[in-house]
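Thanks for making time for this. I have one structure to show, and I will keep to its geometry.

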Amino acid sequence: MDLPQAGGADPPGVARALEHVADRLKRVRTQRRMTLTGVAAATGISKSTLSRLENGQRRPTLELLLALSLAYRVPLDDLVGAPEVGDPRVRLRPSRVKGRTVIPLTRQPDGTQAWKIVIPVGAVVPEPRAHDGYEWIYVLSGRMRLVLGDQDWVLDAGEVAEFDTRVPHWFGSTGREPAEILSIFGRPGERMSVRTGGEPA
């Protein structure tokens, strides 16, 4: 049974939540590397119904969304984009950028920005670019390749690189294993201060 309607139309909050469900369903399935056939087998939902849900041609029901939430191992809130009213927890919503999984760790639109980035094995073709700012990268796990100007390095877990982003740069996989990194980006004129030793502030 479809989600209830009031007077033939959804309340504004429900309409907003359902607006992008189709895109979310397709994106999550793609991230899980599952086919429509595989999802159909796991949930019992027909392949044609799944296709219509992802194309926005079928209205999602609570029953269908719960089944997909279990199959994809994601909270139901993530599928419907439910507002986080009254919830003090910070929900980090990953996105895909050039094949990489990018998780924002800061919320403010201005100032220093931080991300956790998962670099897949396939990201091996350098695409150097330059822009204003300053970047600091810490390798959490795996090994990462960094191309900076005419220099080419491989960074291991625990190593740090910092550089002026006006120098053409690119970072990616060594081709042998995925890597997880922390990236902190500062606007022009912003630099991190490092304190070692001395008396506490």
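I will go through a sheet, then a pocket, then a pair of helices. Keep in mind that this is a predicted model.

The sheet first. It is open, has 6 strands in the order 1-2-3-9-4-7, and its pairing is antiparallel. At the edges stand strand 1, residues 95–97, and strand 7, residues 160–164. Each of these has a single partner strand, so one side of each is left without a neighbour in the sheet. On average, neighbouring strands are turned by 30 degrees against each other, direction ignored. For the pairing at one edge, strand 1 is joined to strand 2 by 3 bridges, and the two run antiparallel. Arginine 96 has threonine 101, in strand 2, as its bridge partner.

Next, the largest pocket, which holds about 560 Å³ of space. It is lined by 19 residues, and the closest to its centre are Val97, Lys98, Arg100, Arg129 and Phe171. Which elements give two or more residues to that lining? They are strand 2 (100–104), strand 3 (113–119), strand 8 (169–173) and strand 9 (179–186). Strand 8 gives the largest share, 3 residues. By class, the lining divides into 10 nonpolar, 4 polar and 5 charged residues.

Last, the helices. Helix 3, residues 36–43, and helix 4, residues 47–54, have axes that come within 9 Å and cross at roughly 115 degrees. That crossing is right-handed. On the helix 3 side the contact involves Leu36, Thr37, Val39 and Ala40, and on the helix 4 side Lys47, Leu50, Ser51 and Glu54. Those contact residues divide into 4 nonpolar, 2 polar and 2 charged.

How values were computed
Residues are numbered from 1 along each chain as its sequence is written. This is a predicted model: local features need pLDDT of at least 70, side-chain atom pairs count only at pLDDT 80 or more; totals for chains, interfaces and linings use all residues. Side-chain values use heavy atoms; hydrogens and water are left out. Axes are lines fitted to C-alpha atoms, for helices over the stretch in contact, and angles run from 0 to 180 degrees between N-to-C directions. Helices (H or I, at least four residues) and strands (E, at least two) are DSSP runs, numbered from the N terminus. A crossing is left-handed if the near helix is turned anticlockwise from the far one by less than a right angle, and right-handed if clockwise. Contact means heavy atoms within 4.5 Å. Ala, Val, Leu, Ile, Met, Phe, Trp, Tyr, Cys and Pro count as nonpolar, Asp, Glu, Lys and Arg as charged, and the others, Gly among them, as polar. On a 1 Å grid over the protein atoms alone, a cavity is a set of points where a 1.4 Å probe fits but cannot get out, and a pocket is an open set with protein on both sides within 12 Å along at least five of seven lines; lining residues have an atom within 4 Å of a point. Grid points are joined across faces, edges and corners, and a volume is the space filled by probe spheres set on the points. Two strands pair if DSSP finds at least two bridges between them.
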